[in-house]
Amino acid sequence: MKDTGERQVPSIPGTLENLDIKHTQRYKWASAFTHNKTVYDLACGTGYGSLLLEASEYVGFDYSLEAIEYAKKYYATNISINFFQEDACNKPHTLDVADVIVSFETVEHLKEPEVFLDWCSKYGKMLIIRSPIRGSFGKSHFHLFEYRLERFNEVLNKYFSKVSMFIQKYNQGIIYPCLPEDKGVAIGVCYP
């Protein structure tokens, strides 16, 4: 799979080799919530999150057929790991409710992010979602928009009854709580 800069592609397929540490750190951090649980990884990309989330059952979804074919080839190592091509804003309403939905590097790419969040509030007992805070980095040409921290929190609270906001700052790990002036990547832990 060609590395376009849009998704993380390991230098050795089926491993975590040479992935951006900030991305693997988020998945490792989320594993405290996903260990031995049923997990949906929405916008799973190449599928490396399946190695880190420690789920009892892992289902990865991505819009890109190329990414899903790669994930199936290199990361679907047992029957408890599956990958499917799906549009994040047009997901099936026939899935079981997952213990945890993980969605990193997703919402800022969507034309209808609130349709996506509404679906997540119905099909997960918990959502762990991440989005870059506007003004923290140079704007990516892959992003349709970026939330300000306050707005991201407001939107999440429309769909979830309890939201805890964490921040991943450059070279500082993931910390709680977020402060209004924080810059970096916001991570919401949300309960319907």
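**Salt bridges, cores and strand pairing around strand 4**

E108 and R130 form a salt bridge, with their closest N and O atoms 2.9 Å apart. E108 sits in the loop between strand 4 and helix 4, while R130 belongs to strand 5 (residues 127–132), so the bridge ties together parts 22 residues apart in sequence. Both E108 and R130 are buried. The model is predicted. The points below cover its salt bridges, its nonpolar cores and the pairing of strand 4.

**Salt bridges**

- The count comes to 11 salt bridges.
- E108 and R130 belong to a network of salt bridges that also links R26 and E105.
- Within this network, E105 bridges to R26, and their closest N and O atoms lie 2.8 Å apart.
- That pair links distant parts of the chain. E105 is in the loop between strand 4 (100–103) and helix 4 (113–123), and R26 is in helix 1, 79 residues apart.
- R26 counts as buried because its relative accessibility is 3%, under the 20% limit.
- E105 has 23% relative accessibility, so this residue counts as partly exposed.
- Another salt bridge joins D62 to R7, with 3.6 Å between the closest N and O atoms.
- D62 lies in strand 2 (residues 57–62) and R7 in the segment before helix 1 (21–34), so this bridge ties together parts 55 residues apart in sequence.
- D62 is buried, at 6% relative accessibility. R7 is partly exposed, at 22%.

**Nonpolar cores**

- The largest nonpolar core has 30 residues. Of these, I101, F116 and I129 touch the most other members.
- Strands that give two or more residues to this core are strand 1 (38–42), strand 2, strand 5, strand 6 (162–169) and strand 8 (185–191).
- Helix 4 and helix 5 (149–159) also give two or more residues each.
- Helix 4 gives the most to this core: five residues.
- Leaving aside residues up to four places away in sequence, I129 touches S103, F104, V107, F116, L117, F152, L156, A186, I187, G188 and C190.
- F116, itself one of the three residues that touch the most other core members, is thus among the contacts of I129.
- A second, separate core holds 25 residues, including L19, V39, Y58 and A71.

**Strand 4 and its partners**

- Which way do the side chains of strand 4 point? V100 and V102 point one way, and I101 and S103 point the other way.
- In a regular strand, side chains alternate between the two faces of the sheet.
- V100, I101, V102 and S103 are all buried.
- I101 therefore points away from the side taken by V100 and V102, and I101 is also a member of the largest nonpolar core.
- Strand 4 pairs with strand 1 in the parallel sense, over three bridges. In strand 4, V102 stands opposite D41.
- Strand 4 also runs parallel to strand 5, again joined by three bridges. Here V102 stands opposite I128 in strand 5.
- From strand 4 the chain crosses through helix 4 to strand 5. This β-α-β crossover is right-handed.

Methods: Residues are numbered from 1 along each chain as its sequence is written. This is a predicted model: local features need pLDDT of at least 70, side-chain atom pairs count only at pLDDT 80 or more; totals for chains, interfaces and linings use all residues. Side-chain values use heavy atoms; hydrogens and water are left out. A salt bridge is a side-chain nitrogen of Lys or Arg within 4 Å of a carboxyl oxygen of Asp or Glu. Helices (H or I, at least four residues) and strands (E, at least two) are DSSP runs, numbered from the N terminus. Buried means under 20% relative accessible area, exposed over 50%, partly exposed in between (1.4 Å probe, protein chains only). A nonpolar core is a set of buried Ala, Val, Leu, Ile, Met, Phe, Trp, Tyr and Cys residues joined through side-chain atoms within 4.5 Å. Contact means heavy atoms within 4.5 Å. Two strands pair if DSSP finds at least two bridges between them. A crossover is right-handed if, with the strands pointing away from the viewer, the path from the first strand over the helix to the second runs clockwise.
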